[in-house]
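Here are my notes on this model, set out point by point. Please read them with the structure open.

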Amino acid sequence: MKTLAVYCGAAHGVNPVYADAARLLARAMVDHNISLVYGGGKVGLMGVIADEVLRLGGEATGVIPRALVEREVGHAGLTRLFVVKDMHERKAMMADLSEGFIAMPGGMGTLEELFEMVTWAQLGIHAKPIGLLNVNGFYDGLRAFVGHQVAEGFVRPEHEDLMIADSDPDQLIQRLRAVVPVVLESSLPAAAADQLKG
């Protein structure tokens, strides 16, 4: 694994533990010779992880929609920065550039990006590992809700395991690297799944 897409907030959060975790994840990625792919901003946790990866001598690639260059303040010091047309192009390019995904604490955009990758995995569009950096129990509620979806028959039990959660960045990376890619059977009819892939 040489590249990881990291989804995270354009805010720092109220607890400094989140920024600390972003720096620890940056350190773990550089130690494992993994390049960062992220949303291209220099604010919030996005900026923290990118700055730390670069400070440690790693590579950071940003992908940012033209409309967000000013709002998210595009990071000018990255290894490379792609300015794309819209959010759809951003997410597709980040997925193409990455061999796995990690969601750090973040807002609605972070969740939207995370669940698109989980959905793509459900549909068999990719078989890349997906991790949750569960800092300060941030994703405990989400994991409980997904368990509720399974219990109520809306999510298959094997799909619950698509998100690997760990509070330790180094352990999370090691667990993601150990994943043997398996394309799961889609929960959609074959014709519908094929249309979504195409």
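Helices and strands here are DSSP runs, numbered from the N terminus, with at least four residues for a helix (H or I) and at least two for a strand (E). The model is predicted.

1. Start with S35. This residue is found in strand β2, which covers residues 35–38. Is S35 buried or exposed? Its relative accessibility is 18%. Buried means under 20%, so S35 counts as buried. Which residues does S35 touch, leaving aside neighbours within four places in sequence? The contacts are K2, T3, L4, M29 and E59.

2. Look next at N33. This residue is found in the loop between α1 and β2. Its phi is near 55°, a positive value in a residue other than glycine. N33 has a relative accessible area of 51%. Exposed means over 50%, so N33 is exposed.

3. N136 deserves a similar check. Where does N136 lie? It is in the loop between β6 and α5, the latter spanning 140–151. Phi of N136 is near 60°, again a positive value in a residue other than glycine. With a relative accessible area of 53%, N136 is exposed.

4. Now strand β6, residues 130–133. Which of its residues share a direction? I130 and L132 point one way, and G131 and L133 point the other way. All of them are buried. In general, side chains in a regular strand alternate between the two faces of the sheet.

5. β6 has a partner in β5, residues 101–103. The two strands run parallel and are joined by 3 bridges. A103 stands opposite L132 of β6. What do β5, α4 and β6 make together? They form a right-handed β-α-β unit, with α4 covering residues 108–122.

6. β6 also pairs with β7, residues 163–166. How many bridges are there? The count is 4, and the pairing is in the parallel sense. In β7, M163 is the bridge partner of I130. I164 of β7 is the bridge partner of G131. Check the directions in β7 too. M163 and A165 point one way, while I164 and D166 point the other way. All of these β7 residues are buried, D166 included.

7. On to helix packing. Two packed helices are described by the angle between their axes and the distance between the axes. Take α1 (residues 17–31) and α7 (residues 169–177). Their axes come within 8 Å and cross at roughly 45°. Why are they called oblique? An angle of roughly 45° lies outside the ranges for roughly parallel (under 35 degrees), roughly perpendicular (65 to 115) and roughly antiparallel (over 145), so α1 and α7 are oblique to each other. The crossing of α1 and α7 is right-handed. On the α1 side, the contact is made by A21, L24, L25, A28 and M29. On the α7 side, P169, D170 and I173 take part. M29 is also listed among the contacts of S35.

8. The last pair is α3 (residues 87–97) and α4. How do these axes meet? They come within 11 Å and cross at roughly 60°. The two helices are therefore oblique to each other. The crossing of α3 and α4 is right-handed. From α3, the residues involved are R90, K91, A92, M94 and A95. They meet E112, E113, E116, M117 and W120 in α4. Helix α4 also belongs to the β-α-β unit with β5 and β6.

Note on methods
Residues numbered from 1 in each chain as written. Predicted model: local features only at pLDDT ≥ 70, side-chain atom pairs only at ≥ 80, totals over all residues. Heavy atoms only, no water. Buried < 20%, exposed > 50% of the residue type's maximum accessible area, 1.4 Å probe, protein only. Pairing = 2+ DSSP bridges. Right-handed = clockwise from strand over helix to strand, strands pointing away. Axes fitted to C-alpha atoms, helices over the stretch in contact; angles between N-to-C directions. Left-handed = near helix turned anticlockwise from the far one by under 90°. Contact = heavy atoms within 4.5 Å.
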